[in-house]
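User: I am new to protein structures and would like to look closely at just one part of this one. Please choose a strand, show me where it sits in the chain, and explain what its residues touch.

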Amino acid sequence: MSQLSENSAGQISSVVHPRFETIVDRIIKSTDKQMLADLRRDFHNRLRITLTHPDRAELIEDLWDFFYDWCVFEKRLPDSMSDLPENVLSEWTLVKEGNTRGLYEVTKVNDTLLKAKELFTGNNVELRSRNATDFLGLSRGDIIEGRLVKEGTDKKANFSFVRKPSFHPTEVHQYIRQKVKEFKKAKDFETYQTWLWLLVGMYLKHRIYESMPIDKIYDDNSRI
């Protein structure tokens, strides 16, 4: 699998949670470049993505955001860093156990509020926008994958996206719902969470190979 463009190393998009950005900044500054290269290779293997030097800045930023999400929350890279400053350690402590990831169906959305239902657990969440573009382009019925962090400590606390969610077009909703149904029937939340990374890979490949039929990408046996 090819790696992300070296010329874009360290880029993250503006649509990220401030706590996540603080942690990622420290990772970029402190982590050995070869270690990051190895992690990127593992990340591409997980997503089944072969990619050489994407030519769109937005796509490059999104790839890095997903990569650092994986490094921080899946590989728990901050736990292996002994030199974390107090402010970074504090941010990591807050989001380490207080994050959740899933597939969400949008039930209500406007400029400032998004309500959604997680497809596997059935849990409902509310998100408040932090800037004017957080929910831009989203509509009721859309299915998005995202990682959330809790804002506040009360039972009705709001949530925020850690990074920009992946968006999955209407044409593949049947495929997604069928997969989630299978995981729910098997009561296999762990495999469901692993599959979400494959789904992210499908989302990214759909953007990379725009002329490819979407049903050839959103397919368990796809080799694209």
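Analyst: The chain has seven helices and six strands. Here, helices (H or I, at least four residues) and strands (E, at least two) are DSSP runs, numbered from the N terminus. Along the sequence, their order is α-α-α-α-β-β-β-β-β-β-α-α-α. This is a predicted model, in which local features need pLDDT of at least 70 and side-chain atom pairs count only at pLDDT 80 or more, while totals for chains, interfaces and linings use all residues. Residues are numbered from 1 along each chain as its sequence is written, and side-chain values use heavy atoms, with hydrogens and water left out.

Two overall figures set the scene. The chain has 224 residues, and 47% of them are buried; buried means under 20% relative accessible area, exposed over 50%, and partly exposed in between (1.4 Å probe, protein chains only). If you take the contacts (heavy atoms within 4.5 Å) between residues at least 6 apart in sequence, 67% of them join residues at least 24 apart.

Let's choose strand β4, which covers residues 143-151, and visit three of its residues.

Start with glutamate 145, which lies in β4. Is glutamate 145 buried or exposed? Its relative accessible area is 0%, so glutamate 145 counts as buried. Its side chain still has polar partners. A polar contact is a pair of N or O atoms within 3.5 Å; within protein, one must be able to donate a hydrogen and the other to accept it, and residues adjacent in sequence count only if both atoms are side-chain atoms. Glutamate 145 makes one such contact with the side chain of arginine 101, at 2.9 Å, and another with the side chain of arginine 163, at 2.6 Å. Leaving aside residues up to four places away in sequence, the residues that glutamate 145 touches include Phe66, Gly102, Pro165, His168 and Val200.

Next comes arginine 147, also found in β4. Arginine 147 is buried because its relative accessible area is 4%. Which side chains does arginine 147 reach with polar contacts? One is aspartate 69, at 2.8 Å, and another is glutamate 74, also at 2.8 Å. With residues up to four places away again left out, the residues touching arginine 147 include Phe73, Asn99, Arg101, Arg163 and Trp197. Notice two familiar names: Arg101 and Arg163 are also touched by glutamate 145.

The third stop is leucine 148, another residue of β4. With a relative accessible area of 1%, leucine 148 is buried too. Compare its position with arginine 101: they are 47 residues apart in sequence, and 6.1 Å apart in space from C-alpha to C-alpha. Outside the stretch of four places either way, leucine 148 touches Tyr104, Val125, Leu127, Ser160 and Phe161, among others. Ser160 and Phe161 are touched by arginine 147 as well.

Those two residues lead us to an empty space. On a 1 Å grid over the protein atoms alone, a cavity is a set of points where a 1.4 Å probe fits but cannot get out, and a pocket is an open set with protein on both sides within 12 Å along at least five of seven lines; lining residues have an atom within 4 Å of a point. Grid points are joined across faces, edges and corners, and a volume is the space filled by probe spheres set on the points. There are two cavities of 30 Å³ or more, and the largest holds about 90 Å³. It has 15 lining residues, and those nearest its centre are Arg130, Asp134, Phe135, Ser160 and Phe161. Strands β3 (124-128) and β5 (158-161) each give two or more residues to this lining; β5 gives the most, with three.

Pro165, touched by glutamate 145, leads to another space. The largest pocket has a volume of about 330 Å³. Of its 14 lining residues, the closest to the centre are Leu136, Leu138, Lys164, Pro165 and Phe167. The elements giving two or more residues to that lining are α3 and α6.
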